[in-house]
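Below are my notes on the model, as numbered points. Please read them with the structure open.

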Amino acid sequence: METAELVFVPSSGVGHLVSTIKFVTQFLDRHRRFNATILVMKYPFTPTSTDGISDPPPPTAAVSPATPRIRVIHLPLPPDPPSRQILSQSFEKYYSLYIESYKALVKNAISDIAVPVVGLVLDLFCSSMIDVGNELGVDSYIFFTSGAGFLGSMFHIETRDRQIGVEFDKSEADSIIPYFAHPVPMGVLPQFAFNGGGGFSSMALHARKFKESKGIIVNTFAELEPYTLSSLSEDGIPPIYTVGPVLDLESENRPTPDENQSKEIRVWLDNQPPSSVVFLCFGSRGCFTPAQVMEVAKGLESSGVRFLWSLRRPPPPHKKFELPSDYTDLNDVLPEGFRERVKGKGRVCGWVRQVDVLAHRAIGGFVSHCGWNSVLESIWHAVPLVAWPQYAEQQINAFVLVRELKLAVEMKIDYHRDCGYLVTADQIEKAIRSLMADDDAAGEEVRKRMKEISRKSRNAVIHGGSSYISFQNLIDIMLA
């Protein structure tokens, strides 16, 4: 049979790359005609950057030798990247322009592929590459690594930009957005929605470009976001293909934590009662100020709940894009005597493999930043959530989980790590108690709904499930 080549162009954020790599392997598993080329752009922020910005290398090495059906091409730096001064106005604008500057390199790489290319699969930040597909006569698809709720909010931003041409203001009243069943508070819209320096307009442009694609592939499943998915089937929006949950359950493409620490944590969890431990983890960029760390510690201690807390040190203020790191000595940031007082019942650690912890029988709750990969991992393992968003689209994810789906207890859904707001020990204690206590009605409802949706998530990806069928529909269109 004739080979069908797919070209994937992911953005270089870790969460985006992890989902894309897993999605590539699923494509190849589903049909033997497919081969894949992944075009990897250099992350614009390196440890040698004069502005101190850094990020880990993309986790593509794990797929490079896996099969000859996958080829990874690392593209060089573009010849004419945007000015770094744009970063002070908007990260989204700078990053979008940076990716757009790769157009010629991407076009040349695709032109050099000797076999027919049946589809160009683009990350949401790479929508400008639709122009490359059009020039080469190749259909483009958007791989949307977040949920349908965030996709709906982007289309709402595009509508506002088209009709009014002005970014949102946080003083505005709750908004009626057609993709949500409940009014949406201004505080849960992504920060770029309020950015008049290019953040709002650049993300609106991405949503406008989405409408030029052949289809939008979303890492969700029909049973999780039925209201939003139904609302997205309106005129002007391309077909939506739900293929999730796409998960890296084996942590193949994640940074490796300290193995001694990992073993100690496994032993500790093995000795805890089933569903008794609340896990606190906030993603690869999650960290708190020393004052907020104190409040978390006090709240955990007062709650009396068993806990495992992945605590990381913030980067220096002048290196705001640098990833957090592990503390050399956790006692430097925790309350005096805290670890001794909670010994046996609570444990504080550094970086851990989140999905491995969530899979453990002792975990009964998850205080999360609501990054979409984390949400889907929690759903897969039926671990109910406390929603404590930090950055990016996590506030809208938290709104969806708490208000729309009732799969999470609210900590503070409009929290943003740069807002200067301190979540108090009382708020933290209350949310954790609600999630974990057997006699709390709200927590019980969240736990019950999470078990139901977890079962549906696993059924969605097996033969005959909603995502399995949607994925097959996508394959049929690509091979037609």
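1. Strand β4 (residues 117-123) is largely enclosed by the rest of the structure, because seven of its seven residues are buried. Please keep in mind here and below that this is a predicted model.

2. β4 has a parallel partner in strand β1 (residues 4-9), to which five bridges join it. In this pairing, Leu-122 of β4 lies opposite Val-9. Strand β5 (residues 140-144) also pairs with β4 in the parallel sense, here over four bridges. Leu-122 appears again in that pairing, with Ile-142 of β5 as its bridge partner.

3. A further set of strands forms an open sheet of six, with parallel pairing and the order β10-β9-β8-β11-β12-β13. Its edges are β10 (346-349) and β13, each of which pairs on one side only. On average, and with direction ignored, neighbouring strands in the sheet are turned by 20° against each other.

4. Within this sheet, β8 (residues 277-281) and β11 (residues 363-368) run parallel and are joined by five bridges. Val-278 has Gly-365 of β11 opposite. Helix α8 (residues 259-270) packs on the sheet, where it touches β8, β9 (306-310), β10 and β11. The direction of α8 makes about 165° with that of β10.

5. How many residues of helix α13 (residues 394-404) are buried? The count is 10 of 11, and the helix is mostly covered. Among the buried residues are Ile-396, Phe-399, Val-400, Leu-401 and Val-402, but also Gln-394, Gln-395, Asn-397 and Glu-404. The buried residues of α13 pack against two helices, α5 (148-163) and α12 (372-380), and against two strands, β12 (385-387) and β13 (408-410). Just after α13, Lys-406 has a positive phi of about 55°.

6. The last point concerns a helix pair. Two packed helices are described by the angle between their axes and the distance between the axes. For α14 (residues 425-436) and α15 (residues 441-460), the angle is about 60° and the axes are 6 Å apart. α14 is therefore oblique to α15. The crossing of the two helices is right-handed. From α14, the contact involves Ser-434, Leu-435 and Met-436; from α15, Ala-442, Gly-443, Val-446 and Arg-447 take part. By type, the residues of this contact are four nonpolar, two polar and one charged.

Note on methods. Residues are numbered from 1 along each chain as its sequence is written. This is a predicted model: local features need pLDDT of at least 70, side-chain atom pairs count only at pLDDT 80 or more; totals for chains, interfaces and linings use all residues. Side-chain values use heavy atoms; hydrogens and water are left out. Axes are lines fitted to C-alpha atoms, for helices over the stretch in contact, and angles run from 0 to 180 degrees between N-to-C directions. Angles under 35 degrees count as roughly parallel, over 145 as roughly antiparallel, 65 to 115 as roughly perpendicular and the rest as oblique. A crossing is left-handed if the near helix is turned anticlockwise from the far one by less than a right angle, and right-handed if clockwise. Contact means heavy atoms within 4.5 Å. Ala, Val, Leu, Ile, Met, Phe, Trp, Tyr, Cys and Pro count as nonpolar, Asp, Glu, Lys and Arg as charged, and the others, Gly among them, as polar. Buried means under 20% relative accessible area, exposed over 50%, partly exposed in between (1.4 Å probe, protein chains only). Two strands pair if DSSP finds at least two bridges between them.
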